[in-house]
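Hi there,

Here is the structure I promised to pass on to you. Have a look at it first, and then read my notes below.

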Amino acid sequence: MSCVQFLPQDYVACAWGVHHVGLVTACLGATLALSSSVSGCLVKHLGRRTIFLAAKRVNIAAVVAMHLWKPTSSETFMFFVTSGMLGAVLGTFWSQLRGEGSHFLLSPTKNKKVV
């Protein structure tokens, strides 16, 4: 099960109600799309490795926040913050791993194409 399914099903549905799952999922999708576009532009200036490290840090922060946070219906902003963080990470990872030249990130030597 991916975190795209995990956040709405377990956190939102149990703590805030099933009728809010769509809102939080829409927030996740919007930040996913936005971060995918923004990370593509930032790679040109900062490099792919820097973008991946930043996304990794946000991912760790999101996982720690979800682990420490006890969801309640009174903290509605946290549902959107966590889904936004996960959307930013997923959008960055998915767009950059599918991008042309992603083999350079995984290759130990520069300009060597991995087949």
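**Helix 3 against helix 4**

In helix 3, the residues Arg 48, Ile 51, Phe 52, Ala 55, Lys 56, Val 58, Asn 59, Ala 61, Ala 62 and Met 66 meet a set in helix 4 made up of Thr 82, Met 85, Leu 86, Val 89, Thr 92, Phe 93, Gln 96 and Leu 97. Sorted by class, the residues of this contact between helix 3 and helix 4 come to twelve nonpolar, four polar and two charged. Please keep in mind throughout that this is a predicted model.

How do the two helices lie against each other? Helix 3, which covers residues 48-68, packs on helix 4 at an angle of about 150°, and the axes are 9 Å apart. An angle over 145 degrees counts as roughly antiparallel, so that is the label for helix 3 and helix 4. The crossing of helix 3 past helix 4 is left-handed.

Phe 93 is a good residue to click on here. Its place is in helix 4, and, once neighbours within four places in sequence are left aside, Phe 93 is in contact with Phe 52, Ala 55, Lys 56 and Asn 59. Those four partners also appear among the helix 3 residues that meet helix 4. Phe 93 can be related to Leu 32 as well: the two are 61 residues apart in sequence, and their C-alpha atoms are 9.8 Å apart in space.

**Helix 2 against helix 4**

Helix 4 (residues 76-98) has another partner in helix 2, with axes that come within 6 Å and cross at roughly 40°. Helix 2 and helix 4 are therefore oblique to each other. Helix 2 passes helix 4 in a crossing that is right-handed. By class, their contact holds twelve nonpolar and twelve polar residues, with no charged ones.

For a close-up of this side, try Gly 91, which is found in helix 4. Is Gly 91 buried or exposed? Its relative accessibility is 2%, and the cut-off for buried is under 20%, so Gly 91 counts as buried. Not counting residues up to four places away in sequence, Gly 91 touches Leu 32, Ser 35, Ser 36 and Ser 39. Between Gly 91 and Val 38 there are 9.3 Å from C-alpha to C-alpha, with a sequence separation of 53 residues.

**Helix 2 against helix 3**

The remaining pair I looked at is helix 2 with helix 3. They pack at an angle of about 125°, and their axes are 7 Å apart. Helix 2 and helix 3 are therefore oblique to each other. On the helix 2 side the contact is made by Ser 39, Leu 42, Val 43 and Leu 46, and on the helix 3 side by Arg 48, Thr 50 and Ile 51. In terms of class, that gives four nonpolar, two polar and one charged. Arg 48 and Ile 51 may look familiar, as both are also on the list of helix 3 residues that meet helix 4.

**The loop before helix 2**

Where does Trp 16 sit? Trp 16 lies in the loop between helix 1 (3-15) and helix 2 (21-46). With 15% relative accessibility, Trp 16 counts as buried. The C-alpha atoms of Trp 16 and Thr 72 are separated by 6.7 Å, although the two residues are 56 apart along the chain.

**The chain as a whole**

Stepping back, the protein chain has five helices and zero strands, and its pattern along the sequence reads α-α-α-α-α. Of its 115 residues, 32% are buried. Among contacts with a separation of 6 or more, 72% are between residues 24 or more positions apart.

**What the record says**

An unreviewed UniProt entry annotates residues 20-43 and 76-94 as "transmembrane region". How do these spans look in the model? Residues 20-43 are 96% helix and 0% strand, and the end C-alpha atoms lie 34 Å apart. Residues 76-94 are 100% helix and 0% strand, with 27 Å between the end C-alpha atoms.

Happy to talk it through whenever suits you.

Best wishes

Technical notes
Residues are numbered from 1 along each chain as its sequence is written. This is a predicted model: local features need pLDDT of at least 70, side-chain atom pairs count only at pLDDT 80 or more; totals for chains, interfaces and linings use all residues. Side-chain values use heavy atoms; hydrogens and water are left out. Buried means under 20% relative accessible area, exposed over 50%, partly exposed in between (1.4 Å probe, protein chains only). UniProt positions are given in the numbering used here, feature names are shortened, and annotations may be inferred rather than shown by experiment. Axes are lines fitted to C-alpha atoms, for helices over the stretch in contact, and angles run from 0 to 180 degrees between N-to-C directions. Angles under 35 degrees count as roughly parallel, over 145 as roughly antiparallel, 65 to 115 as roughly perpendicular and the rest as oblique. A crossing is left-handed if the near helix is turned anticlockwise from the far one by less than a right angle, and right-handed if clockwise. Ala, Val, Leu, Ile, Met, Phe, Trp, Tyr, Cys and Pro count as nonpolar, Asp, Glu, Lys and Arg as charged, and the others, Gly among them, as polar. Contact means heavy atoms within 4.5 Å.
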